[in-house]
Amino acid sequence: MTSTRPAAGDGAGRFSASVEAAAVPLLGLAVSFALFGVFVAVAGANVGDVYYQMVRGSFGSWFSFQNTLVRAAPLMLTALCTALPAQVGLVVIGGEGALVLGALASVIAAHALGGANPWVVLFAMAGAGCVVGGAWIAAVGALRTLRGANETISSLLLNYIAIGVFKHVVEGPLRDPASLNKPSTRPIGEANALGAIPGLDVHWGLVYGLIGCLAAYVLMRRSAFGFAAKVIGGNARAAQLGGLAVSKIVIVTCALGGAAAGLAGMAEVAAVHGTANASIIVGYGYTGILVAFLARQHPLAIVPVAVLIGGVGASGGLLQRAEHLPDATVNVLQGILFVVILAIETLRGRLATFLPRARVTSESAPNPAAKAACSKAA
Amino acid sequence: MSAVPSPVAPPRRGSPPLLEADRLSKRFGNFLALDDVSLRVEPGRVHALLGENGAGKSTLVKCIMGYLTPDAGRIRLGDREVLPKSPRHAQSLGIGMVYQHFTLVPNMTVRENLVLSRPRLPFVVDWATERAALASFLARMPFQVDLEAPVRSLSAGEKQKIEILKQLYLESRVVILDEPTSVLTPAEADHVLSMLHQMARAGEISVVLITHKFREVTQFADEVTVLRRGRKVGHGGVGDLTPSAMADMMMGGASKSSSLPPSARSSEHEAPADERDRGTDEGAIGHARVLIDDLHAEDDLGVPALRGVTLEVRSGEIVGVAAIAGNGQEELVEVLAGQRMKTAGTVTVSGAEYEPKRAIMRALNVRCLPEEPLRNACVPTMSVADNMALRVFDEPRYTAMGWLLSRKKIAQTATTLVGEYGIRAPSIHTPIGRLSGGNVQRAVLARELEGKVDVLIAANPCMGLDFAAVAEIHARIRAARDRGAAVLLVSADLDEILALATRILVMSEGRIVYEAPLEGAEPAVIGKYMAGHGAHVAPDERHASS
Ligand SMILES: Nc1ncnc2c1ncn2[C@@H]1O[C@H](COP(=O)(O)OP(=O)(O)OP(=O)(O)O)[C@@H](O)[C@H]1O
Ligand SMILES: [Mg+2]
């Protein structure tokens with residue numbers, strides 16, 4: 001038995017490293033959809049039909065695709081709330097909290113400005129959403145880097161607090177007496193609504209999302225600030241040796257992530273609901289975590305992934321009508337996706353072993369999530 | 001034999017099996033790290049593996065241990081062909097490895113560490129039986145350890161002995177050691193290696209020893225295999241090869257005798273005259289550059305580690321701080337490097353108060369070469385080029401508009417430095433964690449010495465380097481000194497300090513306890529102070545021994 005194997009060809013190392021970067025999530029997607037197929041089959045539906053309806057409900061028509069984009073817009077921004085802190089090695093899952101508080105802050109800003117020019121109002125709303133969402137996640141970063149509190153736990157708990165505060169304010173001090181069965185704040189007013197992108201039925205929040213992801217990419221991958229963040233995320237001791245202001249950079253990065261989620265809340269209020277009420281709390285913040293992980297925390301990869309996951313959400317209604325599956329069916333798919341993606345991350349660095357050619361070996365990089373979770377930022 | 005039923009089988013009689021690696025090749029991308037290398041480890045012998053940094057030594061043993069899968073070649077153990085799939089698999093075949101870093105759980109006792117290292121543990125461990133079995137196991141061993149001591153409390157030498165003991169406990173018949181002595185003092189190293197040597201003599205084990213120290217090879221090995229750039233370039237009995245012949249093989253015959261290690265030229269004198277160039281030329285030493293005054297700091301557990309360190313380094317001199325591991329020198333370097341908070345005291349550099357912040361480090365030109373650079377000074381997942389830019393990436397010459405990184409300029413600088421310092425890397429875009437240990441060290445040194453350096457703090461700068469690299473790094477540290485840098489050199493290697501330092505300070509239990517005289521520093525006296533027995537050395541005794 002000879003163990004002679006063909007050697008990897010020239011450049012195979014770099015080639016398969018980048019192929020692998022895409023192959024792992026794609027494999028995760030395939031496995032998830034297969035598992036989801038088993039689930040709907042058990043639920044009594046025809047698997048083929050379900051897949052067909054999902055494609056139809058998300059990308060099948062211009063109308064459904066626009067619906068998908070409307071859902072993708074906030075996901076891009078909430079995904080940044082996980083992906084930006086991930087650059088400094090933190091696993092933050094506080095997007096939901098930042099989103100609802102951003103929404104609340106933007107409504108308060110709109111009310112405070114009363115009859116001002118709609119442009120001014122929208123600008124103030126966006127600013128308020130960003131500042132409050134940013135401060136919320138900055139607190140997570142500060143707790144971590146200054147006090148050593150685990151950022152995943154604290155951001156999760158802050159979600160509960162944020163939702164509690166939101167409900168308290170919406171159902172109490174700021175409740176519009178006219179909102180009877182669904183407690184809401186006073187509407188921000190038709191004039192102040194965030195309109196649709198010309199030629200589309202999709203509001204400007206999508207542009208916010210695209211610009212947010214692009215800006216995050218430039219900041220994190222092309223700027224000196226992003227370089228420093230990457231050093232901190234990779235090895236905080238090396239960052240200290242370089243004299244980098246570790247705490248400051250961690251807190252600022254978290255604040256930027258929170259600001260993105262807060263802006264998502266503002267866009268939901270200004271473009272979709274026109275008021276702050278419990279309809280805001282539909283889990284865009286949590287789904288954003290899934291998007292960020294699927295995109296491997298890469299700011300640009302978030303865009304297509306958000307569209308894909310937005311499509312899954314958009315198809316929920318059609319599944320309910322056409323296949324008589326419960327509305328929560330797509331949540332099951334999201335759950336499966338999340339678990340599979342996390343599990344399959346452990347294949348990274350070993351995937352090449354399964355390929356017939358190129359036995360490229362890298363001393364397998366540990367799961368970034370696990371690594372980040374146990375690294376101390378300070 | 002003991003009457004207690006032993007979960008550890010008695011040692012298998014008979015000699016350990018022959019280990020043969022036959023024509024192994026291993027490629028990383030388009031970089032050939034191992035090219036048709038064969039290694040034959042005879043039963044009961046100590047086989048040294050020599051080679052310059054990046055020669056492929058670690059890659060070879062990683063293939064044998066099943067960490068890496070060779071692209072070609074086979075491995076035979078005894079008369080069986082084996083292909084270890086994982087270190088655990090190799091272990092089950094009786095091949096074990098001791099790493100340069102420790103793999104023990106610090107908060108557990110030696111006994112717990114040993115028992116837990118077994119591949120198949122019962123669901124409930126019967127500690128009474130295990131204790132008795134371990135006692136009878138230990139009784140057969142050539143050296144004793146305290147089984148109940150928590151590993152945390154052990155010195156590096158003791159930990160390394162436990163690592164070896166663990167291999168014997170796991171019944172490894174072939175024990176591979178990758179630079180096992182780099183964390184040890186020379187005395188500890190001798191002790192550990194002579195123990196291995198005896199056990200090989202007794203036919204208990206065979207040993208593969210990777211080392212950069214010729215002294216260890218000539219003293220403790222039977223055979224040598226030399227690698228160079230992934231190829232096997234030499235092999236022979238230790239008796240038949242002089243250190244300089246080995247050095248020639250390592251360096252491809254290109255080594256000039258001046259770059260040979262002291263031990264390769266003469267086994268008697270560790271540090272010949274040119275190695276002892278201390279730059280004591282009075283004119284060169286300038287004003288006080290670094291003033292450390294009553295510095296205090298705590299270790300990770302909150303126990304005081306620095307208890308009032310006061311010292312001064314002038315420009316143009318190298319101050320060596322000699323200390324045994326665990327006496328506060330790590331913490332001293334960490335405080336200066338910004339990796340630990342001081343609790344009291346001041347540090348002044350060039351007359352200004354020093355704090356380890358980027359702007360201050362840059363303004364005062366303070367650089368640092370900490371030990372274990374991969375852990376302390378690099379981001380292993382980032383490229384060589386990026387790691388080399390760690391100090392400068394935000395400077396105007398590497399940025400556009402003050403914030404946009406110029407990847408091109410970063411790559412240019414890295415290419416220059418890689419050439420200048422002879423760093424062997426597949427490319428400057430390779431993650432630095434994939435470089436061999438010595439090349440990581442060089443890369444960090446290149447980064448830290450770039451540009452104007454007023455203060456250099458170096459900790460064990462030559463740990464794990466081949467002799468040519470040691471000579472080169474010493475030369476570069478001297479050159480920095482000659483350009484006016486104040487160098488604070490912390491090292492566990494007294495020879496290194498004796499060779500480089502202008503002044504020698506001894507640190508013990510968090511304080512500077514002794515300053516050796518400029519001329520005629522006595523290793524024996526310094527050693528006593530390092531061991532904390534300084535108070536017993538009367539001044540006249542010092543003179544008597546010189
Ligand atoms: N996982 C990897 N990916 C790419 N290149 C690698 C990898 N591992 C090792 N190499 C390369 O293979 C070469 C040999 O490395 P190896 O670690 O075997 O050297 P070494 O002889 O042990 O050196 P040292 O004495 O410095 O420890 C180096 O040039 C290194 O950069
Ligand atoms: Mg090595």
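This passage goes through the ligand site, one sheet of chain B and the confidence of chain A in a predicted model.

To start with the ligand, ligand 1 sits between chains A and B. Its surroundings comprise 21 residues, and the closest of them are Phe28(B), Ser58(B), Thr59(B), Ser436(B) and Gly438(B). Sorted by class, this shell holds ten polar, seven nonpolar and four charged residues. Three elements of chain B, namely β2 (31-41), α1 (57-65) and α15 (437-449), each put in at least two residues. The biggest share comes from α1(B), which gives three residues to the shell around ligand 1.

Away from the ligand, chain B has an open sheet of four strands, ordered β12-β11-β14-β15 and paired antiparallel. β12 (304-314) and β15 (352-353) of chain B are the edge strands, and each has a single partner, so one side of each goes without a neighbour in the sheet. Further in, β11 (residues 288-298) and β14 (residues 342-349) of chain B run antiparallel and are joined by six bridges. One such pairing puts His296(B) opposite its bridge partner Ala344(B) in β14(B). Helix α10 (residues 329-337) of chain B lies across β11, β12 and β14 of that chain, at about 65° to β12(B).

As for confidence, chain A has an average pLDDT of 85, with 87% of its residues scoring at least 70. Residues 1-14 of chain A fall below 50, though the model still gives this stretch 29 contacts beyond near neighbours in sequence. The pLDDT is also under 50 over residues 356-378 of chain A, where the model has 54 contacts beyond four places in sequence.

How values were computed. Residues numbered from 1 in each chain as written. Chains lettered and ligands numbered in written order. Predicted model: local features only at pLDDT ≥ 70, side-chain atom pairs only at ≥ 80, totals over all residues. Near = placed C-beta within 6 Å. Nonpolar A, V, L, I, M, F, W, Y, C, P; charged D, E, K, R; others polar. pLDDT = per-residue confidence, 0-100. Contact = placed C-beta atoms within 7 Å. Pairing = 2+ DSSP bridges. Axes fitted to C-alpha atoms, helices over the stretch in contact; angles between N-to-C directions.
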